[in-house]
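Thanks for making time this morning. Please have the viewer open while I talk, and stop me wherever something is unclear.

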Amino acid sequence: MTGAEWLVIVAGAAAIGGLAWYFFGPKRAGQAELRAGVQEVTVTVRGGYSPDAIRVRQGVPVRLTFDRQEAGECTSKVVLPDFQVSADLPAFGSATVELTPTEVGEHGFACGMNMIHGRLIVEPAGDGVLAPDSDGTTDAVDSIPPTDLSTRAGQVEFVLGRASPDEDPEAAARRAEIHDLSWRVLIGAILSTPVVVAVMATDLFGATWVPEVLLNRWVQLALIAPVMCYTGWPIHRTGWLALRHRSADMNSLITLGTTAAFGYSLVVTVAPGLVPTDVRAVYYEAVGVIITLILLGRLLEVRARAGTGEAIRRLLGLQARTARVVRDDTEAEIDVADVVAGDIVIVRPGEKVPVDGQISSGASTLDESMVTGESIPVEKTVGDTVIGATINQTGAFRLRATAVGRDTMLSQIITLVRQAQASKAPIQRLADMVSSYFVPAVVFIAITTFVVWFVVGPQPALTLALVAAVSVLIIACPCALGLATPLSIMVGTGKGAEQGILIRSAEALETAHKLRTIVLDKTGTITKGTPELTDVVTVDDRLADSELLRLVASAEAVSEHPLGAAIVRGAHASDLALTEPDGFDSVTGRGIRATVDDHDVLCGNRGLLTDAGVDTNPLDRVAAGLAEAGKTPMYAAVDGRPAGLVAVADTIKNDAVAAVAALQRLSVKPVMITGDNRHTAAAIASQVGITRVLAEVLPQDKAREVHRLQGDGRVVGMVGDGINDAPALAQADVGIAIGSGTDVAIEAADITLISDLIGGLVTAIELSRATMRNIRQNLFLAFVYNAIGIPIAAGLLYPVTGRLLSPMIAAAAMASSSLSVVGNANRLRRWHPRLLRSPRHPRPPAGHDATGAHDGHEPSAASREATDEDRRTHGTGSR
């Protein structure tokens, strides 16, 4: 062999070895610096984390300052799942996260899209001696003041760079990115379309009408160069930065492929004499299409992710801003943050309850739906517990503050949402995992191909070696691999929108196909969430059902109680003419008394009638049956005699039975969760065919119940509509919000059903499964294409054919691979959901257990520990 050949062999081996070390060799970890008992380190965020490995000492507080020197969706959030911490990183600004590592080992952190990664390496405390402070002194671990982990973990301080202090930096950055991507995609489409149409029409259809100017290489270069440099800049910048950080992602793959195609085309255009005559082809149209499509997918993804992070802000907005307290016999209005435990707080009608407490005087009806999710207001009197952020409806009362600040139920819910969102790791994309090995492998193959052809290939060896190496890079262009997932996701989310299903992210759509357990909140999800008249039963032969309903509805017409409103609506639905009552009196906690058409009418719970001396024995048995069926019976008496019962219930939604049956056919086990008493819960569950019920679950325990189900090794989804469901929605692998629910529930969820019917849940799961099948098919096509195409491009068939694969054919094969993936993804457009079918004879399933003990599970702690107060407020006839 000649000296040049030996030089090429040595250079090729050195290049492969150097690149192998560069990509896979050990990386130096940064050391945190101890200052005033706190380990501090600054992490630069620019296409990656620098340093991306950080060594800290166990048990010593850590302050991580993330200095973000870029914009874009990818690095706009950092998540440390092992510490249940996440933080938004403002564009060209910084955010500081404080935590205390208690467990030795490696703890990964990543961006919100799981594209770039770092490691926090926690080393044992050892003998307690740490590295010197910046002032040269040393601190022992035991000498550091104790740190409150609950206050330090997850604390985030923002220092804005270019964003206005009056503007939400995350929203501002997202708007700027959407505007920037929109312009880049528009310019890419405008400049690429003439070239693509001209080349495809000529090469595929032999069209003669194409203007010659559009086939000129210099014209194509002039049109596509801005696409390569301007439209593709976000891809190239991130791709090269990732390579600089000794890693590779999808941007790196796309950058290498398009750069190889554009670079080869540029050489053919500027210096065609450097390549043989028969391989002087350009591939500008492929470059334009690939970059524009990738940027379009990124634009759609950024738009789909808009609105995340709003849940916490909306929860904070629920809290009352001020409180009216009595101190030293003086009434004063103060900031709610200044209320201390033991303060006497005055709450007037229509006001929000400022803090958690216990009523010391007065009585009222409170709307607790924003916290408990239950639609029916609850009567409260002296000694009863009230929850901050709930709304006082009718009366005035005083409460003694028992929980303030971070101890209130609302604050605990906010904390749970934060922790659940931070601890839920994003799904690892298969293509991204493969790309970290695929890019180096392709580069190694290209280098090896060049060396082999230069050493053993026929003349002109240098030209053939260059052609073969470039063919490998072009045919291995990762556009098919890069498009395999996002195209299917784009089509899948589009089909979801057509069906009234808003899917927040690709991760949610991917995870939904794995769901095997679905937790359904009762009120507002399975049931309609508003009370309706269900039964009118008379025991007085002198009164017809319609007459009893007319008298009771007339009496309730002036009442503000939701149960009374349900009765009035039922009377109007029966076209009954109501009469203005001559007298009306509301008996707190009991019911009402009114005079209608000279008849004395009583309507309320059993105690109202017994206090008036009315015998309730004829009504008790029927009332018990109605209560067992999950209804709220109200006793009625006319002119001092028992007249009958009027029952109101939160009825199940029209498609609930069919949806539950469809979930079971999909091998998804439905579980109902509710704060209601177990009798009512069991009645509702039996109507829809659910076999497992978690009843009497307190609001703060819902997320814990979801976590317990996840601990059984299940992929769990949660469906809810109330603020109290937000932590559970965030904790679940997939949170699904009913569109008619609260904004907070919708913002905390991964998927939102626009309709208030739950049939969309079944559609979402079926769509997810169809989309994932499509993605697997796309990945198979992309991998098989590369497995076959790369060896052929390297010259595997040369001994048989006597010819190398032309880069032009390689580009055509690359385009064919992309078209096959695009075409297969578009098959999803023909997907349609199956119609829901209700069971022919729905009946309570065998083995029903309203405490969650079915299938060998013990009743939940929340179910066992429900208080007497919870049962009382949901009890029969409660007004």
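I will go through a surface patch, then a covered helix, and then three groups of paired strands.

Before anything else, please keep in mind that this is a predicted model, and that everything I describe was computed from it.

Let me start at the surface, where Trp183, Leu186, Ile190 and Tyr230 together make a nonpolar patch of about 400 Å². Helix 3, which spans residues 169-205, gives the most to that patch, with three residues. Tyrosine 230, for its part, is placed in helix 5, residues 217-231. Is tyrosine 230 buried, partly exposed or exposed? Its relative accessibility is 33%, and it therefore counts as partly exposed.

From there I would like to move to helix 21, residues 656-665, which is mostly covered, since eight of its 10 residues are buried. The buried ones are Ala656, Val657, Ala658, Ala659, Val660, Ala661, Ala662 and Leu663. What do the buried residues of helix 21 pack against? On the strand side, the partners are strand 23 (517-521), strand 29 (641-652) and strand 30 (669-673), while the helices they pack against are helix 16 (522-526), helix 22 (678-688) and helix 26 (759-794). If you follow the chain just past the end of helix 21, you come to serine 667, which takes a positive phi of about 65 degrees.

Strand 29, one of those packing partners, also belongs to an open sheet of six strands, whose order is 24-29-28-27-26-25 and whose pairing is antiparallel. At the edges stand strand 24 (527-538) and strand 25 (583-587), and because each has a single partner strand, one side of each is left without a neighbour in the sheet. Direction ignored, neighbouring strands in this sheet are turned against each other by 20 degrees on average. Within the sheet, strand 26 (residues 591-596) and strand 27 (residues 599-604) run antiparallel and are joined by six bridges; valine 596, to take one residue, has histidine 599 in strand 27 as its bridge partner. Helix 18, residues 562-573, packs on this sheet and touches strand 24, strand 28 (632-638) and strand 29, and the direction of helix 18 makes about 65 degrees with that of strand 24.

The next group is centred, for my purposes, on strand 32, residues 716-720, where five of the five residues are buried. Both of its faces are covered, with Val716, Met718 and Gly720 buried on one side and Gly717 and Val719 buried on the other. Strand 32 pairs with strand 23 in the parallel sense over four bridges, and in that pairing isoleucine 518 stands opposite glycine 717. Strand 32 also pairs with strand 33, residues 734-738, again in the parallel sense and over four bridges, with alanine 737 of strand 33 as the bridge partner of glycine 720.

Finally, there is an open sheet of three strands, antiparallel in its pairing and ordered 18-17-20. Strand 18 (378-380) and strand 20 (391-392) stand at its edges, each with a single partner strand, so one side of each has no neighbour in the sheet. Strand 17, residues 364-367, runs antiparallel to strand 20 and is joined to it by two bridges, and the bridge partner of aspartate 367 in strand 20 is isoleucine 391.

Conventions. Residues numbered from 1 in each chain as written. Predicted model: local features only at pLDDT ≥ 70, side-chain atom pairs only at ≥ 80, totals over all residues. Heavy atoms only, no water. Patch = residues over 30% accessible without salt bridge, like charges linked within 9 Å, V, L, I, M, F, W, Y side chains within 5 Å. Areas by Shrake-Rupley, 256 points an atom, 1.4 Å probe, with all protein chains shown as cover. Salt bridge = Lys/Arg side-chain N within 4 Å of Asp/Glu carboxyl O. Buried < 20%, exposed > 50% of the residue type's maximum accessible area, 1.4 Å probe, protein only. Contact = heavy atoms within 4.5 Å. Pairing = 2+ DSSP bridges. Axes fitted to C-alpha atoms, helices over the stretch in contact; angles between N-to-C directions.
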